[in-house]
Structures are given as C-alpha cells and as structure tokens.
Amino acid sequence: MSTFQITVNSNLVPVLRQNENGPCYIIALVNAILLRDSQSQSQSQSVQDFVAKLTELEKSQKKVPIDEIYAFLVDSLLGMESLDPTEIMNTLPVLESGLLINPAFDDPVVTDFGLYSEAISAILSHFKVKLYHGFIMPYDLLDRLHENGIETTFDSCQDYLVSHIDHPDDDMALQISTFLSSEQTQLTESGLELLTQQLSDDEIAIFFRNDHYSTCTKHNNRIYLLVTDVGYINQRDIVWQPLALDNDTDFVNFSFERSRIVSPERIKDPKLQEQEEADLQLARQIQVQEDEHLSKRLQRDKNKHQQKSQGKISQKTPQKQELQPQQHQQTYSNKVQKTSNGKACSLKKSKKKSCIIV
C-alpha cells in the first residue's frame, strides 16, 4: 500500500513529502488544500481533523497510508451536487495512477482531463484550487495554428504531427516540432509571464511541468513551488523555491525569506555543515540534470526517425480508440515520449507511489 511521509513546516502546517514512488498529483492537491485552508479564518472540520491526524503521525514518525488520504478526500467531497459518491470513488484512483491532461498552448489554466474532465474539474472547483502550466507557445505560432484550423492544444498538435509524418517538408508540422523539441523544460518565457499575470497574490494552486505536479503560490509578483522532496525532510526552513526559466534560484522559508539552515550539529561540526551545503547544491542541480537527460533522449529519437525516413519506411496514422481507465496514462505516456516521429513532448507517466509528511 502506498504511504506518505509527513513533516510540519515552520508555520506548523503539515506537508506531504515526495518519495521516489509518490503519486505527485495527490501530494500537490492535498498540500494545496492544507495550505489554502491554513490561510482561511474558518477551517473546515474535515481539514481540521486531518491536520490533527497528520500532526500526530509526524510526532510519532509514522507515515500516512493512501487510504487515509482517500478517506479525507471522500469526506471533504461528500455532499457535492455535481458529483455522486460513485463518481468520486471511480475518479480518486486515477489521481494516484496518473492524471491525463491536455494543456492548451494559449492558456495556462488546465481544464481538459480527458474522460475525467467533468469529475476532476468539479473536484478542483470544490477545493477552490486551479491547475496551471507554463507551456505557452509564441503568439506568431499560435496565429499559424489558427490559420490552419488546428486547435491550440497539446493533443491536437501531436495528432497533426502524426498525420503529417510522411510529409517531412510540411512547414506547419516543422514549426510545431521545432517548438516542442526546443522547449523541453515545458516552461516558456510567455508561459511564466502569463502565469504571473493570472495567479492572484497568495493564491494556492497546482503547477504541472514535465510530468510532475507541484503545489504553487504567488508572492510579491513571483511564482513559488512548494519543496516536497524527501531529501529536505529535516530542513524545515526550506519551504518554497522560486519558479524560474534557468532553475538557478535559492530556497526560501514560509515567510519567503531566504532559507537559513541552523542546527546545533552544524554549529559544532564544520564537516557536517560542509556536507549539508554540498547536498543542497546537488539538489539544485537535479532538475538541470533531468532536463539534460531528456534532451539527449529526444535527440536520439530524432536521429532514429531520420534514419527511418531515409529508408523510406512508411507508417500508418494510429486510430483513436476508447481506453479503459488504467490504460489512459500509459497510452498518453507512449504518445508523447516520441519526438521527431510526431510526438515531440515529454509528458511521461509518473511511477511515484508514496509520500512523506513534513
């Protein structure tokens, strides 16, 4: 059974931590609910009870099982007029196994969740939490899509690339493919600008990027992502990290002040201090390394496609079909991991299965 580790941050709000196998959408959603409710003058009873349970588990250094998360969400969602209990129970497992999304290249707010769009949208609306992304196209390319009658969504662009796979000289396909392969971090300058414009001050939301969901907020006209990596479980002053195009940013605490890690062990042991500082530096490099790895993989896919094209290997356009819920995320994964053969974006399935509360 999946479990979540817990810690209590410097503002006494329990936070779920991301383990290697943690379902990041559930982590991001629950953390958004807890942080948003902590801002409210009147907390809901279900959140109060859940916070008390998480706090006790954290004190005893125990993990919270996924069933407890489900129980909290179901208890919070019961009574919704737009969703009956059966819909709720059928939708929640999708959040753990992998959430299918179809981001629009001209809108940072995600509203298309495939077959579960109505249910997921209703759940997010109930908790007053929005899901954002920063994968926004340049305006001139968006205009070209409109001129060619192509919807400005990820899936529509992927379908267009697949249908034109035997026409490598098609200018529209080339422009789409170039954009997708050149923006592998899935955060563009236009996207960051729109995000900053659309998020309200101190709004708590969810942010999607490169198959990962994070809790986010806006403070002093800057976007921050909640730090949930288990590697920081003992550093409670590390709470947020600014969202930036180059990922070269410093961590901040709950008050958005630059994090300072102070402990008696570090003061007494200079070697331990040096080791912790080295660990932090290594953690900052993780995202950069992942981006480099993704870039190399996409280049290999491109080379393979070029070799196939030179050998005049023809491919048929795949037909769409209805999928069972457990097939959605895997199919989506396979669909988007291919680059030059018509699938130029990496939105692969997350295999994470557990969380930690801090």
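In the predicted model, nine aromatic pairs are found. One of these joins tyrosine 25 and tyrosine 213 in an edge-to-face arrangement, with 5.0 Å centre to centre and 85° between the planes. Because tyrosine 25 belongs to helix H1 (residues 24-39) and tyrosine 213 to strand S6 (residues 212-219), this pair ties together parts that are 188 residues apart in sequence. Both partners are shielded from solvent: tyrosine 25 is buried at a relative accessible area of 3%, and tyrosine 213 likewise counts as buried, at 7% relative accessibility.

An edge-to-face geometry is also adopted by phenylalanine 105 and phenylalanine 179, which form an aromatic pair at 5.7 Å centre to centre with 85° between the planes. Phenylalanine 105 is placed in the loop between helix H4 (85-97) and helix H5 (117-126), whereas phenylalanine 179 is part of helix H8 (residues 171-182), so that parts 74 residues apart in sequence are tied together by the pair. Phenylalanine 105 and phenylalanine 179 are buried, and ring pairs link them with Phe135 and Phe154 into a cluster. Of the cluster members, Phe154 also appears among the buried residues of helix H7 (residues 154-163). Eight of the 10 residues of H7 are buried, so this helix is largely enclosed by the rest of the structure; besides Phe154, the buried set consists of Asp155, Ser156, Cys157, Gln158, Tyr160, Leu161 and Val162.

The protein chain as a whole contains 12 helices and nine strands. Five of the strands are arranged in an open sheet with the order S4-S5-S6-S7-S8 and mixed pairing. Its edges are formed by S4 and strand S8 (240-242), each of which pairs on one side only, and the twist averages 45° from one strand to the next. Strand S4 (residues 131-133) runs parallel to S5, to which it is joined by three bridges, and leucine 131 stands opposite isoleucine 206 in S5. The pairing of S5 with S6, by contrast, is antiparallel and extends over six bridges; here arginine 209 has histidine 212 in S6 as its bridge partner. Two residues lie between the strands in the hairpin of S5 and S6, where asparagine 210 takes a positive phi near 50°. Towards the other edge, strand S7 (residues 222-226) and S8 run antiparallel and are joined by three bridges, with proline 242 in S8 as the bridge partner of tyrosine 224.

Strand S5 (residues 204-209) is largely enclosed by the rest of the structure, because six of its six residues are buried. In a regular strand, side chains alternate between the two faces of the sheet. Both faces of S5 are covered, with Ile204, Ile206 and Phe208 buried on one side and Ala205, Phe207 and Arg209 buried on the other. Two helices that pack on the sheet may be considered alongside this burial. H1 lies across S5, S6, S7 and S8 and runs at about 25° to S6, while helix H9 (residues 189-198) touches S4, S5, S6 and S7, its direction making about 150° with that of S4.

The largest nonpolar core comprises 58 residues, among which Ile69, Ile206 and Tyr213 touch the most other members. H1 provides the largest share of this core, namely 11 residues. When its neighbours within four places in sequence are left aside, isoleucine 69 is in contact with Phe4, Leu16, Ile26, Val30, Phe50 and Val64. A second, separate core of 16 residues includes Phe135, Cys157, Ala173 and Ile176; one of these, Phe135, takes part in the phenylalanine cluster described above, and another, Cys157, is one of the buried residues of H7.

At the level of the protein chain, buried residues make up 50% of the 358 residues. Of the contacts with a separation of 6 or more, 65% are accounted for by residues 24 or more positions apart. The accessible surface comes to about 18,500 Å², and 46% of it belongs to carbon and sulfur atoms.

Note on methods:
Residues are numbered from 1 along each chain as its sequence is written. This is a predicted model: local features need pLDDT of at least 70, side-chain atom pairs count only at pLDDT 80 or more; totals for chains, interfaces and linings use all residues. Side-chain values use heavy atoms; hydrogens and water are left out. Rings of Phe, Tyr and Trp (its six-membered ring) pair if their centres lie within 6.5 Å; planes under 30 degrees apart count as stacked, over 60 as edge-to-face and the rest as tilted. Helices (H or I, at least four residues) and strands (E, at least two) are DSSP runs, numbered from the N terminus. Buried means under 20% relative accessible area, exposed over 50%, partly exposed in between (1.4 Å probe, protein chains only). Two strands pair if DSSP finds at least two bridges between them. A nonpolar core is a set of buried Ala, Val, Leu, Ile, Met, Phe, Trp, Tyr and Cys residues joined through side-chain atoms within 4.5 Å. Contact means heavy atoms within 4.5 Å. Accessible areas come from the Shrake-Rupley method with a 1.4 Å probe; for residues, only the protein chains shown count as cover. Axes are lines fitted to C-alpha atoms, for helices over the stretch in contact, and angles run from 0 to 180 degrees between N-to-C directions.
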